[in-house]
Amino acid sequence: MEHLGVVVGDDTFDAFVEAHKAVLTGQQFQGPNSTPDPAYILMEDFTHVKFYRLSLRASVELDAGPFEDGFHHVDDWVPQRLVTATGPNPLPR
């Protein structure tokens with residue numbers, strides 16, 4: 001698991017971040033069209049707890065418009081090979 005996400009809500013997100021600033025590790029800013037921009041806490045094992053302003057569905061609908069029947073998988077999608085700073089090999093433990 002890379003992270004656990006918690007939707008705080010649009011109306012209370014800024015107040016939540018302000019109230020918990022002392023324990024938050026930071027906030028991601030991923031560009032002018034990025035709505036989630038979560039605040040987060042980084043754990044010792046490099047997993048995160050992320051706090052979102054909007055749900056994933058609300059963020060997608062804000063960018064691409066509403067959809068009635070949920071998310072759909074792409075039929076011919078093939079996962080990319082993971083390559084890190086250490087190359088294609090897993091990180092040493």
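This tour goes through one strand, its partners and a loop residue in a predicted model.

**Strand β4.** Start by selecting residues 48-52, which form strand β4. Five of the five residues there are buried, so β4 is largely enclosed by the rest of the structure. In a regular strand the side chains alternate between the two faces of the sheet. Colour H48, K50 and Y52 for one side of β4, then V49 and F51 for the other. Both faces are covered, as these residues are all buried.

**Strand β1.** Next, add residues 3-7, which make up strand β1. β1 runs parallel to β4, and the pairing spans five bridges. To find one place where the two strands meet, select H3 and look across to H48 in β4.

**Strand β3 and the hairpin.** Now show residues 39-42, strand β3. The pairing of β3 with β4 is antiparallel and has four bridges. Select L42 here: its bridge partner in β4 is H48. β3 and β4 form a hairpin with five residues between the strands. Select F46 in this hairpin to see a positive phi near 70°.

**Residue D37.** Last, move to the loop between β2 (26-27) and β3, and select D37. Which residues does D37 touch, apart from its neighbours within four places in sequence? The contacts are with F13, Q27, Q28, F29 and Q30. D37 is buried but has no salt bridge. To check this, select R53, the nearest side chain of opposite charge, which is 7.2 Å away from D37. A salt bridge would need a side-chain nitrogen within 4 Å of a carboxyl oxygen.

Key. Residues numbered from 1 in each chain as written. Predicted model: local features only at pLDDT ≥ 70, side-chain atom pairs only at ≥ 80, totals over all residues. Heavy atoms only, no water. Buried < 20%, exposed > 50% of the residue type's maximum accessible area, 1.4 Å probe, protein only. Lys, Arg positive; Asp, Glu negative; His and termini not counted. Contact = heavy atoms within 4.5 Å. Pairing = 2+ DSSP bridges.
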